[in-house]
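This report describes selected local features of one protein model. The sequence and the structure are shown first, and the description follows.

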Amino acid sequence: MKYLSTRGGIPPLSFKEAVLSGLAEDGGLIVPERVPRLSDSEVESLRHLPYQDLAFRVFRLFVDDIPEEDLKILVARSYGTFTHPDITPVVRKGAFWILELFHGPTLAFKDIALQFLGNLFEYLLSERGERMNILGATSGDTGSAAIYGVRGRRNLTIFILHPHGRVSPVQALQMTTVTDPNVFNLAIEGTFDDCQAIVKRLFADLEFKRRYRLGAVNSINWARVLAQIVYYLWAYFRVSEAEGAERVRFSVPTGNFGDIFAGYLARRMLGDRVERLILATNENDILTRFVTRGDYSVRQVVPTISPSMDIQVASNFERYLYYLWGEDAGRVREAMERFAEEKRLSFSEEDLARVRRDFLSASVSQEETLRTIREFYQETGYILDPHTAVGVRAAREFPSDLPTICLATAHPAKFPEAVSRALGFPPPVPEPLRDLESRPRRVVILPAEVEAVRRFISEHAL
Ligand SMILES: *Cc1c(COP(=O)(O)O)cnc(C)c1O
């Protein structure tokens, strides 16, 4: 399988090149040259596989430059850190099926992709005798998944900046209690925006970037999308068997369009067995406005109780446009250039008719999110995290006879403040979060200055 850019400006890449380059050099995103539609017999041959075997079979469709034995080992390592034997179990709760994506080391769905990406980077770098220093900024909610993906790996270090004293206690502890020597938590005396600005400045310094082989693990990496396709197939097989149903729906709480884009690809592979995807947003509703009105225009980011979805420009959206417009890279390039200037895109009725065959969409307020956590608990005894609650609430807006699978993207114990507000008591604390307070910590406090961070990296990089 070769990989192309959504803007058409690069020669075809191998899978390995696609993973290591992240973004395409023409500014576009990397996509596979084709997405295989599974035949009925292929679907049947995948239906009863355990999660890891299914992952291996799906990866093999998109990866032809890693020997099968090695790919198997990468899969086994990536999902060996999960605490549930099914990796992503699907449970029936009330009217919905809940696809629990939070049984990885940091209790959020990003583990599914970042455990794989960390292993893959280690493998590819060892093979080339190269090293990489990962640099990133986090507002708290997603940094730990990247840290756990990289901890203890050869040829890789990670420097993660977070705003000192401005991330929740659980989130800070999840990051700073990782004491592996290749993990550097930098608590910056400033805001998240300061952290992001510093990271941007360092990546823009091409001489520095080259000298220290800076890399990123952000959500546009193709390997992350690929890893996420697997659980859609997995959940489809479990639920269609249990319900004796041919077709299902998914409801996906969305920020960067990464998770739901994997769902879109799974839908292309499974055909109309996936009837539609429900795209659920919080008050940051650019994607809902796109689906319902054809209005993709950037507004101010509003901070909410589902912070991992507080995003305006959805970094994976360009991949969807590529398929929406029949893989017309010229049209994507032109649209993205216009978007960079005008901060908005609008769509024709014809485009929208096609979009609505793929998606339904609703935006959910914080008040409705809290109410959904409360009602769902009263009805089923099950505690939703605020991101998952956005997806459940959106699913309720589109009643259907088809089984609806709601993606549970985080364990509620990661967001105890929101859950307490909804229920009047905090969620039970699971094993991995239990003794965080008493564990040794490793964190360095630095001023919000590019030079301080630059110096720290040059002294500690591989
Ligand atoms: C990242 C994240 C999301 C949003 O996923 P995207 O791929 O950005 O759409 C939703 N919920 C949680 C808990 C997350 O960490």
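Leaving aside residues up to four places away in sequence, S306 is in contact with N282, P386, H387 and V390. The model in which these contacts occur is predicted. S306 belongs to the loop that connects strand 11 (295–297) with helix 13 (317–324). Its relative accessibility is 1%, below the 20% limit, and S306 is therefore classed as buried.

Three of the names in that contact list, P386, H387 and V390, recur among the buried residues of helix 17. Helix 17 comprises residues 386–396 and is mostly covered, with 9 of its 11 residues buried. Besides P386, H387 and V390, the buried positions of helix 17 are T388, A389, G391, V392, A394 and A395.

Strand 5 (residues 132–137) is likewise described by its burial: 5 of its 6 residues are buried, so the strand is largely enclosed by the rest of the structure. Strand 5 runs parallel to strand 6 (residues 156–163), and 6 bridges join the two. Within this pairing, L135 of strand 5 is placed opposite F159 of strand 6.

A helix pair is considered next. Two packed helices are described by the angle and the distance between their axes. Helix 3 (residues 51–62) and helix 4 (residues 68–79) have axes that come within 10 Å and cross at roughly 135°. Because of this angle, helix 3 is oblique to helix 4. The crossing of helix 3 with helix 4 is right-handed. Helix 3 contributes Y51, Q52, A55, F56, F59 and R60 to the contact, while helix 4 contributes E68, L71, K72, V75 and Y79. By class, the residues of this contact comprise 7 nonpolar, 1 polar and 3 charged.

The backbone also merits attention at two loop positions. Most residues other than glycine have a negative phi. I87, which is not a glycine, has a positive phi near 65°, and R213, also not a glycine, has a positive phi of about 45°. The table sets out their surroundings.

| Residue | Phi | Loop | Relative accessible area |
|---|---|---|---|
| I87 | near 65° | between helix 4 and strand 3 (90–93) | 2%, buried |
| R213 | about 45° | between helix 9 (206–211) and strand 8 (214–215) | 34%, partly exposed |

I87 is thus a buried loop residue, whereas R213 is a partly exposed loop residue.

Conventions: Residues numbered from 1 in each chain as written. Predicted model: local features only at pLDDT ≥ 70, side-chain atom pairs only at ≥ 80, totals over all residues. Heavy atoms only, no water. Axes fitted to C-alpha atoms, helices over the stretch in contact; angles between N-to-C directions. Helix = DSSP H or I, 4+ residues; strand = E, 2+ residues; numbered from the N terminus. Parallel < 35°, antiparallel > 145°, perpendicular 65-115°, else oblique. Left-handed = near helix turned anticlockwise from the far one by under 90°. Contact = heavy atoms within 4.5 Å. Nonpolar A, V, L, I, M, F, W, Y, C, P; charged D, E, K, R; others polar. Buried < 20%, exposed > 50% of the residue type's maximum accessible area, 1.4 Å probe, protein only. Pairing = 2+ DSSP bridges.
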